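Student: Could we go through this one together, starting with the backbone and then turning to the charged side chains?
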Amino acid sequence: MTTAKETANRDDVAAPSPADAELPVPPRAAGRSSAFAWLWPCTAGEFIGTFVLVFFGVGVVNAAVVTGAQVGLWQVAVVWAVGVSLAIYISASLSGAHLNPAITAVAVVYDRFPLTRALVYVAAQLLGAILASLLLYQLFGEAILEFERRHGLLRGGPGSELSAMVFGEYFPNPAVFGTAEDAWRIVGLQGAFLAEMVGTAMLALVIAAATHTRNRARPIAGTEAILIGLGVAAIISIVAPLTQAGLNPARDFGPRLVAWFLGWGEIAIPGPRGGWFSVYILAPILGALIGGGAYRLVARYLLAPDPESGRPPDD
């Protein structure tokens with residue numbers, strides 16, 4: 001898995017073949033081609049990677065909630081971990097495997113990742129999440145309807161977050177605490193915001209530790225995805241009972257938007273209690289900036305530069 005900085009600075013232009021060399025290219029066209037050589041591989045990487053992440057992660061939530069195939073949060077968390085690791089392996093060589101607008105925000109703020117490229121990354125992440133959610137509804141649509149009939153749920157009506165939770169997220173976790181207003185006192189808006197912020201801060205800290213060039217104890221190349229996946233499983237096990245562990249604005253907003261179109265309406269957006277934007281969009285971004293920034297401070301001031309990396313002392 002490459003770091004965000006390495007992705008931003010790498011030369012994505014393939015060497016021309018002899019046949020290509022014979023064809024004259026206007027200087028302006030050549031400049032434009034070089035400037036946007038990153039566009040297709042990076043867009044494809046973020047789209048495919050987020051699609052895979054959401055397919056496995058949101059897919060296991062569908063399976064657990066409406067079919068009971070998985071029992072307990074740990075089983076769900078393990079499948080999430082596998083999905084995250086596979087998504088990283090698939091997309092790392094194409095785009096650096098951000099797969100999360102909060103992680104892209106970290107790259108912009110701390111690693112001088114270009115803002116234009118960041119916007120493309122976020123758009124690709126959202127599109128991948130939306131299409132994966134649509135595919136999952138094709139797979140689980142009838143099972144979701146049966147689940148709603150069995151529990152007397154009117155889609156879009158009070159309490160229907162018990163079925164909407166297979167796409168978007170709610171606090172407290174409806175599968176754990178139910179949907180009655182009494183459950184709302186267990187996790188309030190401030191508590192949910194804190195849980196998502198702390199959970200994403202830990203995620204960003206793990207990602208930074210696993211990929212930063214100054215960390216000589218980081219895993220060998222190609223195994224970072226496994227460590228990050230294990231970190232995701234551990235974080236989900238702690239945070240999911242409170243907020244379903246969003247930790248990723250694309251993972252929440254893409255499926256939530258699909259749920260809105262599929263009939264959950266205001267139960268999906270803005271949700272029965274509001275706070276959707278602050279808890280599942282703003283809190284993960286702030287948390288990632290805190291966790292990612294904390295490790296970069298440690299790396300800059302407490303870790304000696306790796307002489308083999310060729311990085312300057314102030315990297």
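Tutor: What follows is a walk through a predicted model, taking backbone geometry, then one helix, then salt bridges.

Student: Where are the cis peptide bonds to Pro-172 and Pro-270, and in which loops do these prolines lie?

Tutor: The bond from Phe-171 to Pro-172 is cis, with omega near -10 degrees, and Pro-172 belongs to the loop between α8 (161–164) and α9 (174–177). The bond from Ile-269 to Pro-270 is also cis, its omega being near 10 degrees, and Pro-270 sits in the loop that runs between α13 (249–264) and α14 (276–301).

Student: Why point these out at all?

Tutor: Because most peptide bonds are trans, and most residues other than glycine have a negative phi.

Student: On that second point, what is phi at Arg-112 and at Gln-244?

Tutor: Arg-112 has a positive phi, near 55 degrees, and lies in the loop between α6 (101–111) and α7 (115–150). Gln-244 has a positive phi near 70 degrees, and its place is the loop between α12 (224–243) and α13.

Student: Is Arg-112 buried or exposed, and what about Gln-244?

Tutor: Arg-112 has a relative accessibility of 69%, so it counts as exposed, whereas Gln-244, with a relative accessible area of 10%, is buried.

Student: Changing topic, how far does helix α5 reach, and where is its kink centred?

Tutor: Helix α5 covers residues 73–95, which is 23 residues, and spans 31 Å from its first C-alpha to its last, close to the 33 Å expected. There is nevertheless a kink of about 35 degrees in α5, centred on Tyr-89.

Student: Which α5 residues are buried, and what follows the helix?

Tutor: The buried residues of α5 include Val-76, Trp-80, Val-84, Ile-88 and Ser-95, and among them are also Ala-87 and Ser-91. After α5 comes Gly-96, which has a positive phi, near 90 degrees.

Student: Now the charges: how many salt bridges does a search of the whole structure find?

Tutor: The search finds 6 salt bridges, and we can take some of them in turn.

Student: Which residue does Arg-149 pair with, and how are the two placed in the helix?

Tutor: Arg-149 forms a salt bridge with Glu-146, with the closest N and O atoms 3.0 Å apart. Both residues lie in helix α7, 3 residues apart, or about one turn of the helix. An α-helix has 3.6 residues a turn, so residues three or four places apart point the same way. As for accessibility, Arg-149 is exposed at a relative accessible area of 55%, while Glu-146 is partly exposed at 35%.

Student: And what does Arg-251 pair with, and where do the two partners lie?

Tutor: Arg-251 forms a salt bridge with Glu-169, the closest N and O atoms being 2.7 Å apart. Arg-251 is in helix α13 and Glu-169 is in the loop between α8 and α9, so the pair ties together parts that are 82 residues apart in sequence.

Student: How accessible are Arg-251 and Glu-169?

Tutor: Arg-251 has 2% relative accessibility and therefore counts as buried, and Glu-169 is buried as well, with a relative accessible area of 1%.

Student: What about Arg-256 and Asp-252, are they buried or exposed?

Tutor: Arg-256 is buried, and so is Asp-252. Their side chains meet in a salt bridge, at 2.9 Å from N to O, and the two residues both lie in helix α13, 4 residues apart, about one turn of the helix.

Terms used: Residues are numbered from 1 along each chain as its sequence is written. This is a predicted model: local features need pLDDT of at least 70, side-chain atom pairs count only at pLDDT 80 or more; totals for chains, interfaces and linings use all residues. Side-chain values use heavy atoms; hydrogens and water are left out. Buried means under 20% relative accessible area, exposed over 50%, partly exposed in between (1.4 Å probe, protein chains only). The expected span of a helix is 1.5 Å times one less than its number of residues. The bend at a residue is the angle between axes fitted to the seven residues ending there and the seven starting there. A salt bridge is a side-chain nitrogen of Lys or Arg within 4 Å of a carboxyl oxygen of Asp or Glu.
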